[in-house]
Amino acid sequence: MGVAALVTAAVMVVLWMAWFYRHQRGEAVREGARVAEAPADWQIDLDTLVVSDRQQHTLWTHTFPRGLSAGSYEGPEASPRATLGGIADVDGDGRRELWFIAKADGGPAGTALYLFEHDGRVRWKYQPSLSVRFGKETFGPSWFVSRLFVTANPGGGSGRALWAVLYDAALFPSLLQRLDPLTGQPLSAFWSNGYIISLALDVA
């Protein structure tokens, strides 16, 4: 009986080790697949945003109503690429979202800021239509979405802060708005009588 018990115990240990190894290996493979399939880069192709993983495999695409203006993304007059589109976990949920400013020909109606889920679903679209009065002049509701700055959360914690820069079709004034990563709704606003081309965050 003693020998039988030892053999049984040994078999149980071997079976448990085999199960544990397969389980851990399966988790590692799945985790590796999630990392490999996470958005890592983006490109534009006429009217389509093409998002790929680290191996440059296409994960998903999104086609816009109008063709994108290639000159807005490349060339001397283009804004820095990181302010036009980027990838990060903006809400602290452990998944990488993608933000992208669609710039199409046709004036303000052709520009909008999109926030996409990791799998390509549109979480929200931001295309402001507010009006504001300075002195005797009224500006808006036609606004260009110029660029987006993504910074650490000023309040601390996980997630990022999104700061959108807009300017009126008359190229004056400029507006900096902090947007809620979950809804795209403005949280705060700063007006300027000039261009806003950089952002410094002081959290001291």
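These are my notes on the aromatic pairs, one small sheet and the overall make-up of this chain.

**Entry 1, overview.** I am working from a predicted model. I looked up the elements before anything else: the chain has one helix and 13 strands. Reading from the N terminus, the helix comes ahead of the strands, as the order is α-β-β-β-β-β-β-β-β-β-β-β-β-β. Of the 204 residues, 37% are buried. The accessible surface comes to about 12000 Å², and carbon and sulfur atoms hold 57% of that. I also checked contacts between residues at least 6 apart in sequence: 40% of them join residues at least 24 apart.

**Entry 2, aromatic pairs.** I found ten aromatic pairs in the structure. I started with Phe-64 and Phe-100, which are stacked, with 5.6 Å between centres and 25° between planes. Where do the two partners sit in the chain? Phe-64 is in the loop between strand 3 (58–63) and strand 4 (85–88), while Phe-100 belongs to strand 5 (residues 97–103). They are 36 residues apart, so I noted this as a link between distant parts of the chain. Buried or exposed, I asked of Phe-64? Phe-64 counts as buried because its relative accessibility is 5%, and the cut-off for buried is under 20%. Phe-100 comes out at 0%, so Phe-100 is buried too.

**Entry 3, the other partner of interest.** Phe-64 also pairs with Tyr-114, this time edge-to-face, at 5.1 Å centre to centre and 70° between the planes. Tyr-114 lies in strand 6 (residues 111–116), 50 residues from Phe-64, and this pair again links distant parts of the chain. I checked burial here as well: both Phe-64 and Tyr-114 are buried. Following the ring pairs further, I got a cluster made of Trp-42, Trp-60, Phe-64, Tyr-73, Phe-100, Tyr-114 and Phe-116.

**Entry 4, Trp-42.** I went back to this cluster member. What sits over the ring of Trp-42? The charged end of Arg-81 does, 3.8 Å from the ring centre. Trp-42 also has a bridge partner in strand 2, namely Val-51.

**Entry 5, the sheet.** I looked at the open sheet of three strands, which has the order 1-2-3 and antiparallel pairing. Strand 1 (41–45) and strand 3 are the edges; each has a single partner strand, so one side of each lacks a neighbour in the sheet. On average, neighbouring strands here are turned by 20° against each other, direction ignored. Between strand 1 and strand 2 (residues 48–52), which run antiparallel, I noted five bridges.

Terms used
Residues numbered from 1 in each chain as written. Predicted model: local features only at pLDDT ≥ 70, side-chain atom pairs only at ≥ 80, totals over all residues. Heavy atoms only, no water. Phe/Tyr/Trp six-rings, centres within 6.5 Å; stacked < 30°, edge-to-face > 60°. Helix = DSSP H or I, 4+ residues; strand = E, 2+ residues; numbered from the N terminus. Buried < 20%, exposed > 50% of the residue type's maximum accessible area, 1.4 Å probe, protein only. Lys NZ or Arg CZ within 6 Å of the ring centre and 35° of its normal. Pairing = 2+ DSSP bridges. Axes fitted to C-alpha atoms, helices over the stretch in contact; angles between N-to-C directions. Contact = heavy atoms within 4.5 Å. Areas by Shrake-Rupley, 256 points an atom, 1.4 Å probe, with all protein chains shown as cover.
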